[in-house]
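This report covers selected charged pairs and helices. The sequence and structure come first.

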Amino acid sequence: MTTRETTSYLPRTDGMWPDDVKRRFVDRAFVVAFFAVQWPWLARSLSGGSRAVKQALLERLELAPDALPNLGSWKADTGFLTLIVDHIERNRPKTVLELGAGASSLVVAKALQQNGGGHLISCDQHGDFIAATREWLHEHGVDAEMRATPLRQAPGDWPGIWYDHGPLPEQIDMLVIDGPPWTIHPYVRGAAETLFDRLPVGGTILLDDAARPGERIVAARWRERWPNFRFDLVNKGTKGTLIGVRER
């Protein structure tokens with residue numbers, strides 16, 4: 001499965017929870033409560049963006065018209081993907097770390113190829129998805145370091161579980177956050193802050209799904225904890241993107 005397959009309403013949940021981490025009742029309750037609040041937003045996100053925007057993105061990346069047939073819902077939409085390309089063209093990052101593989105993997109790899117090169121590391125908790133995405137990228141003439149990444153107890157005061165990503169480069173120029181899924185916990189992506197110190201001045205964070213209630217709370221915490229970053233919510237596409245830039 002990759003973005004070539006039909007988009008489902010909810011992300012995959014099989015094989016995610018580690019055996020040595022107990023899932024708390026309060027975490028399950030948070031998921032149910034936030035689903036009740038955000039289901040209209042989830043329904044709107046199924047579209048994935050307009051055909052015209054998708055076509056423009058594919059032409060910009062010199063990809064075939066059928067390269068991104070299914071977007072939306074838990075997959076990236078055209079607004080988020082276009083913002084990724086904008087930032088790569090402008091900033092020419094050398095190292096990109098992506099949390100949550102899929103359509104964004106192809107877009108990042110292709111944009112890097114067109115703009116001076118660079119190294120993409122992509123982490124996802126589903127090993128079969130990583131293997132299929134790696135093959136898919138090769139079909140389009142690009143490559144990336146695709147990591148099948150198990151999940152572990154979330155660090156710090158963040159709930160849920162987080163990527164056991166292993167060694168990473170000392171410097172990450174661009175951090176793309178599109179996982180883990182909110183069905184673990186609405187605040188699950190907050191633990192990405194453990195990587196913020198690796199971004200240099202001018203480094204960029206792009207958080208997908210940033211208009212959701214859970215991600216808005218995460219963003220508020222990040223603004224409080226990381227005053228050396230500027231965080232802006234950009235309502236481009238169906239799901240919103242939080243863009244963080246390190247200023248000092």
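## A buried charged pair and its network

E215 and R212 are both buried. In this predicted model, their side chains form a salt bridge with an N to O distance of 2.8 Å. The pair does not stand alone: salt bridges with shared partners connect D178, R189, D208, D209, R212, E215 and K239 in one network.

## Other salt bridges

The whole structure contains 15 salt bridges according to the search. One of them joins R24 and D27, whose closest N and O atoms lie 3.0 Å apart. The two partners are classed as follows: R24 is partly exposed, because its relative accessibility is 46%, whereas D27 has a relative accessibility of 3% and is therefore buried.

A further salt bridge is formed by the side chains of D157 and R225, at 2.5 Å from N to O. This pair connects distant parts of the chain, with the two positions 68 residues apart in numbering. D157 sits in the loop between β4 (151-153) and β5 (161-163), while R225 belongs to helix α6 (residues 213-225). D157 counts as exposed because its relative accessibility is 51%. R225, at 33%, counts as partly exposed.

## Helix α3 and its surroundings

Helix α3 covers residues 78-91, which is 14 residues. From its first C-alpha to its last it reaches 20 Å, close to the 20 Å expected at 1.5 Å a residue.

Is α3 largely enclosed or largely open to the outside? Of its 14 residues, 11 are buried, so the helix is largely enclosed by the rest of the structure. The buried residues are T78, G79, F80, L81, T82, L83, I84, V85, D86, H87 and I88. They pack against two helices, α2 (51-60) and α4, and against the strands β6 (174-177), β7 (204-208), β8 (229-234) and β9 (241-246).

## Packing of α4 and α5

Helix α4 (residues 103-114), one of the elements that the buried residues of α3 pack against, also packs with helix α5 (residues 127-139). The angle between α4 and α5 is about 35°, and their axes are 10 Å apart. The crossing of α4 past α5 is right-handed.

Which residues make the contact? On the α4 side they are A103, S105, L106 and A109, and on the α5 side T133, W136 and L137. By class, five of the contact residues are nonpolar and two are polar, with no charged residues.

Note on methods. Residues are numbered from 1 along each chain as its sequence is written. This is a predicted model: local features need pLDDT of at least 70, side-chain atom pairs count only at pLDDT 80 or more; totals for chains, interfaces and linings use all residues. Side-chain values use heavy atoms; hydrogens and water are left out. Axes are lines fitted to C-alpha atoms, for helices over the stretch in contact, and angles run from 0 to 180 degrees between N-to-C directions. Helices (H or I, at least four residues) and strands (E, at least two) are DSSP runs, numbered from the N terminus. A crossing is left-handed if the near helix is turned anticlockwise from the far one by less than a right angle, and right-handed if clockwise. Contact means heavy atoms within 4.5 Å. Ala, Val, Leu, Ile, Met, Phe, Trp, Tyr, Cys and Pro count as nonpolar, Asp, Glu, Lys and Arg as charged, and the others, Gly among them, as polar. A salt bridge is a side-chain nitrogen of Lys or Arg within 4 Å of a carboxyl oxygen of Asp or Glu. Buried means under 20% relative accessible area, exposed over 50%, partly exposed in between (1.4 Å probe, protein chains only). The expected span of a helix is 1.5 Å times one less than its number of residues.
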